[in-house]
Amino acid sequence: MNDLTLTVGGWAATDPKLHVGAGGAAMCTFRLASTPRRFDRGAGEWVDGSTEWFTVRVFRAGAVTVHESVRKGQPLMVTGRLRTNVWEAADGPRTDLQVDATAVGHDLTRGIATFTRAVGDAALGGEATLGTTASAGQADDTERETDALAPSGAELDADAPDADGASDPWETETMDDSSEAVDEPATSAV
């Protein structure tokens, strides 16, 4: 294939919208704005370039997790295939740049994020369930309006860590001098 794959850093310009097709396939869309900046030595200040606007599309289970994770105004990194959509408007032809995303994440150079692993549901490709998450050492106690849409009896991913984090091979529980439990990364002799 000769697809043009790119990575774009920018800001979510809209809240994501989740669309579910007649066959149950999920698609999430949102707009992303990317404005390059450069330092103008003559003026001694930072100058904004032209803003590029993208429509980001995420499919299947990724659509659900992006819908649950991204909010308008958040800094993002998006990787995917670039597409153009050309149509005729009243004032002439229009072009929309679309990115069919293979990866979407928060730009951690601009803030702090906490990752919560989505766990399986066969209806969504075995990767995510609406409102069903598990994270090492902490259960998700927030509810979203989409929880009501989650299929009943969804099975958890067998590889997902337990809610108490006991199955995380990178953490061990040790005792310090004050006899309180302390989580430390497991180390190995090299």
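Visitor: Leaving aside its neighbours within four places in sequence, which residues is Thr55 in contact with?

Guide: In this predicted model, where local features need pLDDT (the predictor's confidence in each residue, from 0 to 100) of at least 70 and side-chain atom pairs count only at pLDDT 80 or more, totals for chains, interfaces and linings use all residues. Residues are numbered from 1 along each chain as its sequence is written, and side-chain values use heavy atoms, with hydrogens and water left out. With contact taken as heavy atoms within 4.5 Å, Thr55 is in contact with Phe30, Arg31, Asp96, Leu97, Gln98 and Val99.

Visitor: Why is Thr55 called buried?

Guide: Buried means under 20% relative accessible area, exposed over 50%, and partly exposed in between (1.4 Å probe, protein chains only); Thr55 has 13%, and is therefore buried.

Visitor: What makes the pair of Phe39 and Trp46 edge-to-face?

Guide: Rings of Phe, Tyr and Trp (its six-membered ring) pair if their centres lie within 6.5 Å, and planes under 30 degrees apart count as stacked, over 60 as edge-to-face and the rest as tilted. By this rule the count comes to one aromatic pair. Phe39 and Trp46 lie 5.5 Å apart centre to centre with 70 degrees between the planes, and the pair is edge-to-face.

Visitor: Why is Phe39 called partly exposed, and why is Trp46 called exposed?

Guide: Phe39 has 41% relative accessibility and so counts as partly exposed, whereas Trp46, at 52%, counts as exposed.

Visitor: Over which residues does pLDDT stay under 50?

Guide: The mean pLDDT of the protein chain is 75, and 62% of its residues reach 70 or more, but pLDDT stays under 50 over residues 122-190.
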